[in-house]
Amino acid sequence: MAGQTQRSYVPNYYSIQDILATQERVPCISNAGLPGLGFLDPGSDEPDLPSQAKLELPFWMIEGMRQGQKYFNMQLPKAYKETYREILSADANVVDLHKLGPHYYEYGGYLMKHVINESDLVGAALSNAFKSRFLNLMDAAQNCQDGEELKEMQKMDEIERALFRKAYTNRKGMADWMSRKVYQIRTSTMVTNYKKRKAAHIS
């Protein structure tokens, strides 16, 4: 829709959120020697990238170079490995997802397509964590006071922050409507001026 910014939950070439999510770096290992790509390894002065070189590259770059012949083997980032999945499973609400990755859910969705061995485990961890945290998110949005929004959103991933802002704004709007702070019916200025002129004319 023209004039509106849409948040993306699926790959979307024109989505800023999608672009930022795919900027995250992912550990990988080169499958073969790649001539002229030595600059990808900041610790090497060689012009060519050797086979079995360990790198951390932006996800969008690795995904592009895995089309057809796979030049890199993608590895699961630390924040999605078993240790962190167990922490999320124990109590997802205490985890600072924004520190692990501001686009934790969306980036995790991308990783699931490429890390086949653990894709089901990653997907289950993300789904369960979101469902567990969503209840606290909505509770915070319904009960936090003005000025406390930033504190409440501190540990949230960007998708959670968007949901929190929406819920908080709607709750405030409802409260203002219930207390008649907005949408009050007022006498038109034209009518008021007409009554004044009519009263002056009569007197």
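A surface patch, as the term is used in these legends, consists of residues with over 30% relative accessible area and no salt bridge, nonpolar side chains being joined within 5 Å. The views below are taken from a predicted model.

**Figure 1. A nonpolar patch on the surface is formed by Ile 16, Ile 19 and Leu 20.** Together, these three residues have about 270 Å² of accessible area. Ile 19 belongs to helix H1, which spans residues 16-21. The relative accessibility of Ile 19 is 38%, and this residue is therefore classed as partly exposed.

**Figure 2. Overview of the protein chain, with 9 helices and 3 strands.** Read from the N terminus, the order of elements is α-β-β-α-β-α-α-α-α-α-α-α. The chain has 203 residues, of which 33% are buried. Its exposed surface is about 13,700 Å², and carbon and sulfur atoms contribute 55% of that area. Among contacts with a separation of 6 or more, 62% are between residues 24 or more positions apart.

**Figure 3. Strand S1 is paired with strands S2 and S3.** S1 comprises residues 25-30, and 5 of these 6 residues are buried, so the strand is largely enclosed by the rest of the structure. S1 and S2 (residues 54-58) run antiparallel and are joined by 5 bridges. Within this pairing, Ile 29 is placed opposite Lys 54 of S2. S1 and S3 (residues 72-74) also run antiparallel, with 3 bridges between them. Here Ser 30 is placed opposite Phe 72 of S3. In a regular strand, side chains alternate between the two faces of the sheet.

**Figure 4. The largest nonpolar core contains 29 residues.** Phe 72, Tyr 80 and Leu 111 are the members that touch the most other members of this core. At least two residues are supplied by each of S1, S2, helix H2 (59-65), S3, helix H5 (104-112) and H6. H5 provides the largest share of the core, with 5 residues. A further core, of 9 residues, lies apart from the largest one and includes Cys 144, Met 156, Ala 167 and Tyr 168.

**Figure 5. Surroundings of Tyr 80.** Leaving out residues up to four places away in sequence, Tyr 80 touches Arg 85, His 103, Tyr 104, Tyr 107, Gly 108, Leu 111, Val 122 and Leu 126. Of these contact partners, Tyr 104, Tyr 107, Gly 108 and Leu 111 are listed among the buried residues of H5.

**Figure 6. Helix H5 is mostly covered.** Of the 9 residues in this helix, 7 are buried. The buried residues are Tyr 104, Tyr 105, Glu 106, Tyr 107, Gly 108, Tyr 110 and Leu 111.

**Figure 7. Gln 142 in helix H6 and its partners from farther along the sequence.** Helix H6 spans residues 119-143 and contains Gln 142. With a relative accessibility of 40%, Gln 142 is classed as partly exposed, because that class lies between under 20% for buried and over 50% for exposed residues. When neighbours within four places in sequence are set aside, Gln 142 is in contact with Ala 167 and Arg 171. Ala 167 is also one of the residues of the 9-residue core. Between Gln 142 and Asn 170 the C-alpha to C-alpha distance is 9.2 Å, and 28 residues separate the two in sequence.

Methods. Residues numbered from 1 in each chain as written. Predicted model: local features only at pLDDT ≥ 70, side-chain atom pairs only at ≥ 80, totals over all residues. Heavy atoms only, no water. Patch = residues over 30% accessible without salt bridge, like charges linked within 9 Å, V, L, I, M, F, W, Y side chains within 5 Å. Areas by Shrake-Rupley, 256 points an atom, 1.4 Å probe, with all protein chains shown as cover. Salt bridge = Lys/Arg side-chain N within 4 Å of Asp/Glu carboxyl O. Helix = DSSP H or I, 4+ residues; strand = E, 2+ residues; numbered from the N terminus. Buried < 20%, exposed > 50% of the residue type's maximum accessible area, 1.4 Å probe, protein only. Pairing = 2+ DSSP bridges. Contact = heavy atoms within 4.5 Å. Core = buried A, V, L, I, M, F, W, Y, C linked by side-chain atoms within 4.5 Å.
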